[in-house]
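This note sets out points for a colleague who is opening the structure for the first time. Please read them with the sequence and the model side by side.

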Amino acid sequence: EQLVWRGHDVVVLQVIDPAEEDFPFEDPTRFEGMEGEADQVVEPRALAEAYRGEFRGFLDDVSTRCRSMQMDHQLLRTDVPLADVLPRFLQSRRRHLGRGATP
């Protein structure tokens, strides 16, 4: 936030694994705890819909917070090559910022 206040052009590139968004798990699965949390074995089918809703809400929240601080936000999935996403994103930013379509 302070970077924007100081006149910097801030872009948030959020990198996610496809499984974080798609939650493709069907069989009982062990999820490793992070930051000291215990591992958990869960029945994915029982929580898949709720998980996806929570994750969509999380992504929306990140995007909304970035916009509120005048920061661009771009979601990048590790299964999509940067060469497919980054040029479109940069061109969109150029148009949005009034810098023309191409250099």
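1. The count of salt bridges in this predicted model comes to seven. One of them joins Arg77 and Asp22, whose closest N and O atoms are 3.0 Å apart. Arg77 belongs to strand β4 and Asp22 to helix α2, so this pair ties together parts of the chain that are 55 residues apart in sequence. Asp22 is partly exposed, with a relative accessible area of 34%.

2. A second salt bridge is formed by Asp72 and Arg93, with 2.3 Å between the closest N and O atoms. This pair also links distant parts of the chain, since Asp72 is in strand β4 and Arg93 in helix α4, 21 residues apart. How accessible are the two partners? Asp72 is partly exposed, at a relative accessible area of 21%, whereas Arg93 is buried, at 11%. Shared partners also matter for the wider picture: salt bridges join Glu21, Asp22, Arg77 and Asp79 into one network.

3. A further salt bridge lies inside a single element. The side chains of Asp61 and Arg65 meet at 2.9 Å, N to O, and both residues lie in helix α3, four residues apart, about one turn of the helix. An α-helix has 3.6 residues a turn, so residues three or four places apart point the same way. Asp61 counts as partly exposed, at 35% relative accessibility, and Arg65 counts as exposed, at 51%.

4. The overall plan may help to place these pairs. The protein chain has four helices and four strands, and from the N terminus on the elements run α-β-α-β-β-α-β-α. Of the 103 residues in the chain, 21% are buried. Among contacts between residues at least 6 apart in sequence, 53% join residues at least 24 apart. The chain exposes about 7,900 Å², and carbon and sulfur atoms supply 51% of this area.

5. Helix α3 covers residues 44-68, which is 25 residues. At 1.5 Å a residue, α3 should span 36 Å, and its end C-alpha atoms are 34 Å apart, so the two values agree. The helix nevertheless bends by about 30° at Ala50. After α3 comes Gln70, whose phi is positive, near 55°.

6. Which residues of α3 are buried? They are Pro44, Ala48, Phe55, Leu59, Val62, Ser63 and Cys66. The cover over these buried residues includes the strands β1 (11-16), β2 (29-31), β3 (40-42) and β4 (72-77), together with helix α2 (18-22).

7. Helix α4 has 15 residues, numbered 82-96. Its expected span at 1.5 Å a residue is 21 Å, and the end C-alpha atoms lie 20 Å apart, which agrees. Val85, Phe89 and Arg93 are the buried residues of α4. Seen down the axis of α4, these buried residues fall within an arc of 60°, so they line one face of the helix. They pack against β1 and β4. The face turned away from the buried side carries the exposed residues Ala83, Arg88 and Arg95.

8. Arg93 deserves a separate look. This residue has its place in helix α4 and counts as buried because its relative accessibility is 11%, under the 20% cut-off. What does Arg93 touch, not counting residues up to four places away in sequence? Its contacts are Asp9, Val11 and Asp72. Asp72 is thus listed among the contacts of Arg93 and is also its partner in a salt bridge.

9. Pro18 provides a further point of reference. It lies in helix α2 and is buried, with a relative accessible area of 15%. Leaving aside neighbours within four places in sequence, Pro18 is in contact with Phe23, Arg77, Thr78 and Asp79. Two of these contacts, Arg77 and Asp79, also belong to the salt-bridge network. Pro18 and Leu76 are 58 residues apart in sequence, yet their C-alpha atoms are 9.5 Å apart in space.

Key. Residues numbered from 1 in each chain as written. Predicted model: local features only at pLDDT ≥ 70, side-chain atom pairs only at ≥ 80, totals over all residues. Heavy atoms only, no water. Helix = DSSP H or I, 4+ residues; strand = E, 2+ residues; numbered from the N terminus. Expected span 1.5 Å × (residues − 1). Bend = angle between axes of the 7 residues up to and from the residue. Buried < 20%, exposed > 50% of the residue type's maximum accessible area, 1.4 Å probe, protein only. Contact = heavy atoms within 4.5 Å. Arc of directions from axis to C-beta. Salt bridge = Lys/Arg side-chain N within 4 Å of Asp/Glu carboxyl O. Areas by Shrake-Rupley, 256 points an atom, 1.4 Å probe, with all protein chains shown as cover.
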